[in-house]
Amino acid sequence: MAAVPFIDLPLDKWRWHPSPLAGQVVYALTCSAEGELDVAPKSWIQMAGFGGPLLSLGCSRRHRTRDNIVSTGRFTLSFPTIEQARLARAVADAPRDERVAVSGLSPEESTSGGVAHLRECPAYCECELYREVALEGDEVLVLGRITRLAVHDGVVGAPTREAYALLAPGFFLEPGVMTGLAPAD
Ligand SMILES: Cc1cc2nc3c(=O)[nH]c(=O)nc-3n(C[C@H](O)[C@H](O)[C@H](O)COP(=O)(O)O)c2cc1C
């Protein structure tokens with residue numbers, strides 16, 4: 001087979017088209033020191049270590065999410081289906097006190113002292129701040145230790161293909177473009 005030539009993409013991430021790196025869309029839930037709940041979509045999210053286990057979340061230092069994580073040491077990630085994730089842009093753009101209503105989802109208290117999760121999302125994890133790594137400019141990488149991972153009843157026992165169809169995660173690729181999972185074998 002003849003070698004296929006490569007085309008360099010710009011290093012400005014906003015201009016990656018098509019983007020070969022997808023990020024799972026999640027809703028980050030955090031609380032201020034006064035107990036006020038904040039919900040924000042995030043997609044720079046990745047497993048980071050078996051030990052912990054740890055995950056990483058790329059975040060702006062100026063975001064309420066980051067302030068709350070640093071002041072309380074806790075956050076929860078709810079994992080929406082791709083359909084639930086379609087409102088992520090509208091949620092991010094909504095006034096802070098309207099975000100939950102715009103998401104169409106319902107916060108439910110944690111039974112283990114963590115931050116609330118979104119009841120209709122098929123999975124969530126509660127995390128404790130493990131470490132914050134300063135990045136370039138105003139960005140930080142939050143490393144979180146997963147203290148609880150919970151999945152809707154009915155997903156866990158389902159056959160593999162069905163289980164992933166129920167989780168149905170959505171992945172951000174570039175502004176306005178999200179993709180789902182190909183059916184699992
Ligand atoms: C699909 C999607 C993915 C996003 N991913 C991230 C992300 O990974 N990190 C980040 O800092 N902001 C991300 N944002 C932007 C934040 O959601 C947005 O700036 C929000 O207003 C931050 O809210 P906060 O101040 O409550 O944290 C994303 C927005 C959308 C719509």
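1. In this predicted model, the lining of the second largest pocket is made up of 21 nonpolar, 4 polar and 1 charged residues. The volume of the second largest pocket is about 730 Å³, and among the 26 residues that line it, those closest to its centre are Gln24, Ile45, Gln46, Met47 and Phe171. At least two lining residues come from each of β1 (23-24), β4 (45-49), β9 (123-134), β10 (139-151), α5 (160-167) and β11.

2. The largest pocket, for its part, has a volume of about 1,100 Å³, and 34 residues line it, with Trp14, Pro41, Ser43, Arg89 and Phe172 lying nearest its centre. Two or more of the lining residues are given by each of β3 (37-42), β5 (54-60), α1 (64-72), α3 (88-93), β11 (171-174) and β12 (177-179), and the element that gives the most is β3, with 4 residues. When the lining of the largest pocket is sorted by residue class, there are 15 nonpolar, 7 polar and 12 charged residues.

3. Which strands form the open sheet of 7 strands, and in what order do they stand? Read across the sheet, the order is β3-β2-β6-β9-β10-β5-β4, and the pairing is antiparallel. Because β3 and β4 stand at the edges and have a single partner strand each, one side of each is left without a neighbour in the sheet. On average, and with direction ignored, neighbouring strands of this sheet are turned by 35° against each other.

4. At the β3 edge, strand β2 (residues 26-31) runs antiparallel to β3, and 6 bridges join the two strands. One position that the reader can look up in the model is Cys31, which stands opposite Leu37 in β3.

5. A helix also belongs to the picture of this sheet, for α1 lies across β2, β3, β5, β6 (74-79), β9 and β10, and runs at about 50° to β2. Both α1 and β3 are also among the elements that give two or more residues to the lining of the largest pocket.

6. The open sheet of 3 strands has the order β1-β11-β12, again with antiparallel pairing, and its edge strands, β1 and β12, each pair on one side only. Between β11 and β12 the antiparallel pairing extends over 3 bridges, and the bridge partner of Glu174 is Val177 in β12. As for the pockets, β11 supplies at least two lining residues to the second largest pocket and gives two or more to the largest pocket.

Note on methods
Residues numbered from 1 in each chain as written. Predicted model: local features only at pLDDT ≥ 70, side-chain atom pairs only at ≥ 80, totals over all residues. Heavy atoms only, no water. 1 Å grid on protein atoms, 1.4 Å probe; cavity = no way out; pocket = protein on both sides within 12 Å on 5 of 7 lines; lining within 4 Å. Points joined across faces, edges and corners; volume = space filled by probe spheres on them. Nonpolar A, V, L, I, M, F, W, Y, C, P; charged D, E, K, R; others polar. Pairing = 2+ DSSP bridges. Axes fitted to C-alpha atoms, helices over the stretch in contact; angles between N-to-C directions. Contact = heavy atoms within 4.5 Å.
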